[in-house]
Amino acid sequence: MSLGLPLVTTSIGAEGMKLKNGKNAFISEDPEGIARSIATLSNDKVKWNELSKAGMLHMKEYSPEVVSGKINEILLCCL
């Protein structure tokens, strides 16, 4: 996602990432839904670009700088 590849996943794959179906990823539980999502991205350039941009923005929350800052906050509060 951080490189602009739209994500198709299950709710377990999206767990803990605060993803929203259709906004920054496609989330589906069954093979047909996953296939539909892949087909949509393959055939709809606008949706591909929309999820691509939203995914890249979303992943900034998980950048090494942000994560290391959060880890430092946690460690410093416990000293």
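Reader: How do you know by how many helical turns E50 and K47 are separated in helix α3?

Author: In this predicted model, E50 and K47 are 3 residues apart in helix α3, which means that about one helical turn separates them. An α-helix has 3.6 residues a turn, so residues three or four places apart point the same way.

Reader: What makes the contact between the side chains of E50 and K47 a salt bridge?

Author: The side chains of E50 and K47 come to 2.8 Å, N to O, and a salt bridge requires a side-chain nitrogen of Lys or Arg to be within 4 Å of a carboxyl oxygen of Asp or Glu. The pair therefore meets the rule, with a value of 2.8 Å set against a cut-off of 4 Å.

Reader: Why are E50 and K47 given the labels they have, buried, partly exposed or exposed?

Author: A residue is called buried when its relative accessible area is under 20%, exposed when it is over 50%, and partly exposed in between. K47 has a relative accessible area of 16%, so K47 is buried, while E50 has 38% and is therefore partly exposed.

Reader: How many salt bridges does the rule give for the model?

Author: The count comes to 2 salt bridges, and besides the pair of E50 and K47 there is one between K18 and E61, whose closest N and O atoms are 2.9 Å apart. This pair links distant parts of the chain, with K18 in the loop between α1 and β2 and E61 in the loop between α3 and α4, 43 residues apart.

Reader: What makes K18 and E61 buried, partly exposed or exposed?

Author: K18 has a relative accessibility of 56%, so it counts as exposed, because the cut-off for that word is over 50%. E61 has 28%, and therefore E61 counts as partly exposed.

Reader: Why is I12 called buried or exposed, and where does it lie?

Author: I12 has its place in helix α1, which covers residues 11-14, and its relative accessibility of 67% is the reason why I12 counts as exposed. I12 and S28, which are 16 residues apart in sequence, are 9.8 Å apart in space, C-alpha to C-alpha.

Reader: How do you know how the span of helix α4 compares with the expected one?

Author: Helix α4, residues 64-77, has 14 residues and reaches 20 Å from its first C-alpha to its last, and this is close to the 20 Å expected at 1.5 Å a residue. Helix α4 is also hardly covered, since the count of buried residues among its 14 residues is 0.

Reader: What makes V67, I71 and L75 a patch?

Author: V67, I71 and L75 form a nonpolar patch on the surface, with about 250 Å² of accessible area together. To belong to such a patch, a residue needs over 30% relative accessible area, and I71, which lies in helix α4, counts as partly exposed because its relative accessibility is 44%.

Reader: How do you know whether the chain as a whole is compact or spread out?

Author: The chain has 4 helices and 2 strands, which follow the pattern β-α-β-α-α-α along the sequence. Its radius of gyration is 15 Å, well over the 12 Å that the globule rule gives for 79 residues, so the chain is more spread out than a compact globule. The C-alpha atoms fill a box of roughly 50 × 25 × 15 Å along the principal axes, and 27% of the 79 residues count as buried.

Methods. Residues numbered from 1 in each chain as written. Predicted model: local features only at pLDDT ≥ 70, side-chain atom pairs only at ≥ 80, totals over all residues. Heavy atoms only, no water. Expected span 1.5 Å × (residues − 1). Buried < 20%, exposed > 50% of the residue type's maximum accessible area, 1.4 Å probe, protein only. Rg over C-alpha atoms; globule rule 2.2 N^0.38 Å. Patch = residues over 30% accessible without salt bridge, like charges linked within 9 Å, V, L, I, M, F, W, Y side chains within 5 Å. Areas by Shrake-Rupley, 256 points an atom, 1.4 Å probe, with all protein chains shown as cover.
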